[in-house]
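Please walk me through this model in the viewer, saying at each stop what to select next and what is to be found there.

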Amino acid sequence: MLIRKPSDIPSSEITAQADYMDRRKFMAGAAALGAAALGAERLSNIASPQQAVQADTKLTTIPSKYSTTGVTPTSFQDITTYNNFYEFGTEKSDPARNAWRLQTSPWSIKVDGLVKQKKTFDIDALMKLRPMEERVYRHRCVEAWSMVIPWAGYSLSEFIKACEPLSNARYVQFLSLDNPKEEPWIKSVDLHWPYSEGLRMDEAMNPLTLLTFGLYGQPLPKQDGAPVRVVLPWKYGFKSAKSIVEVRFVKDQPRTTWNESAPNEYGFYSNVNPNVDHPRWSQKYERVIGAPFWKARQPTLMFNGYGDQVASLYQGMDLRKNF
Ligand SMILES: Nc1nc2c(c(=O)[nH]1)N[C@H]1C(S)=C(S)[C@@H](COP(=O)(O)O)O[C@H]1N2
Ligand SMILES: [Mo]
């Protein structure tokens, strides 16, 4: 059942990011795991029909000057059932079905590498570090679909200041939870775990970069990266690591999961750029999830529409080479 594809979504899209893998090896593992997980899945659907969405919990947020205006937020339903989170399967519908296994409490982020002093931030303290803002952002996946999401969080720069990085730290690396007990697909999906992403320090310090704890005014649903993730609206979605447990300040460009898997397809920068096609598809247009059909195909904007705030970060760089 894991390998069955909903007929309304072209398979070219669903498997886009996994296509480079050895299909047979990949599918054999996924199918075996799917069978094993089936019993537990059924149980979870009875025990937790809302799929780990804590609808009774509310976050207090303030409006943000960084919110994108003139856009229509995607429905909560679409945002929480059409996901990429390979620790819970490779189909868009898998994370909503499988992420109930994730234990988000207790949770903390370990901060290490080039810092004045190693620290651990407990999630409760982290959520109170700064007032949480609601930030409506466009969200563009490298697979040429998009959404609009009202996130809740504060600028990552506020957290970085609290981390006290040393002046020789040039990059920051994010590591997601790597726990096969809670994330069984880690054992069958052929990627280098833990999921790792990285940013240049100036990208990380840009006020648009959001340390994210919620969406639609409630804590992040597990399938969206609970309890804490980053969001970079001008980059393809895969730069936004979910369920982060460690932040490392480093001198050299860190390893990143998708770049390691297929370096010719997924660059380190991954800025949204309609002029640089993915080797296997165009990036000129995007499919807007949940939009009526006459608005469902939209031209993709340079830096996903956030060029005024971020283009200066890449001045003088060849964005074809540094894709
Ligand atoms: N740990 C982890 N983070 C991840 C991913 C993943 O598979 N694992 N997928 C990425 C991709 S490809 C996208 S498009 C976004 C999707 O976020 P969403 O499901 O909340 O829309 O998460 C990103 N962060
Ligand atoms: Mo993505």
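With the whole protein chain selected in this predicted model, colouring by burial will show that 54% of its 323 residues count as buried. The accessible surface of the chain comes to about 14300 Å², and 53% of that surface belongs to carbon and sulfur atoms. Switching to a cartoon view brings up 9 helices and 13 strands, and among the contacts between residues at least 6 apart in sequence, 74% join residues at least 24 apart.

Next, select ligand 1, which sits in the largest cavity, and display the residues around it. There are 17 of these, of which H139, D224, R229, S240 and K242 come nearest. Three polar pairs can then be picked out: an oxygen atom of the ligand lies 2.7 Å from a side-chain N or O atom of H139, a nitrogen atom of the ligand lies 3.0 Å from a side-chain N or O atom of S176, and at N84 a backbone N or O atom lies 3.3 Å from a nitrogen atom of the ligand. Taken alone, ligand 1 exposes 530 Å², and the protein buries 100% of that area.

Finally, move to K239, in the loop between β10 (229–231) and β11 (244–250). Is this lysine buried or exposed? K239 counts as buried because its relative accessibility is 1%, which falls under the 20% cut-off. Showing its side chain reveals that it reaches the backbone oxygen of F268 at 2.5 Å. Leaving aside residues up to four places away in sequence, K239 touches E197, G198, L199, V230, L232, T256, F268, Y269 and S270.

Key:
Residues are numbered from 1 along each chain as its sequence is written. Chains are lettered from A and ligands numbered from 1 in the order in which they are written. This is a predicted model: local features need pLDDT of at least 70, side-chain atom pairs count only at pLDDT 80 or more; totals for chains, interfaces and linings use all residues. Side-chain values use heavy atoms; hydrogens and water are left out. Helices (H or I, at least four residues) and strands (E, at least two) are DSSP runs, numbered from the N terminus. Buried means under 20% relative accessible area, exposed over 50%, partly exposed in between (1.4 Å probe, protein chains only). A polar contact is a pair of N or O atoms within 3.5 Å; within protein, one must be able to donate a hydrogen and the other to accept it, and residues adjacent in sequence count only if both atoms are side-chain atoms. Contact means heavy atoms within 4.5 Å. Accessible areas come from the Shrake-Rupley method with a 1.4 Å probe; for residues, only the protein chains shown count as cover. A residue is near a molecule or strand if one of its heavy atoms lies within 4 Å of it. On a 1 Å grid over the protein atoms alone, a cavity is a set of points where a 1.4 Å probe fits but cannot get out, and a pocket is an open set with protein on both sides within 12 Å along at least five of seven lines; lining residues have an atom within 4 Å of a point. A molecule sits in a cavity or pocket if more than half of its atoms lie within 2 Å of its grid points.
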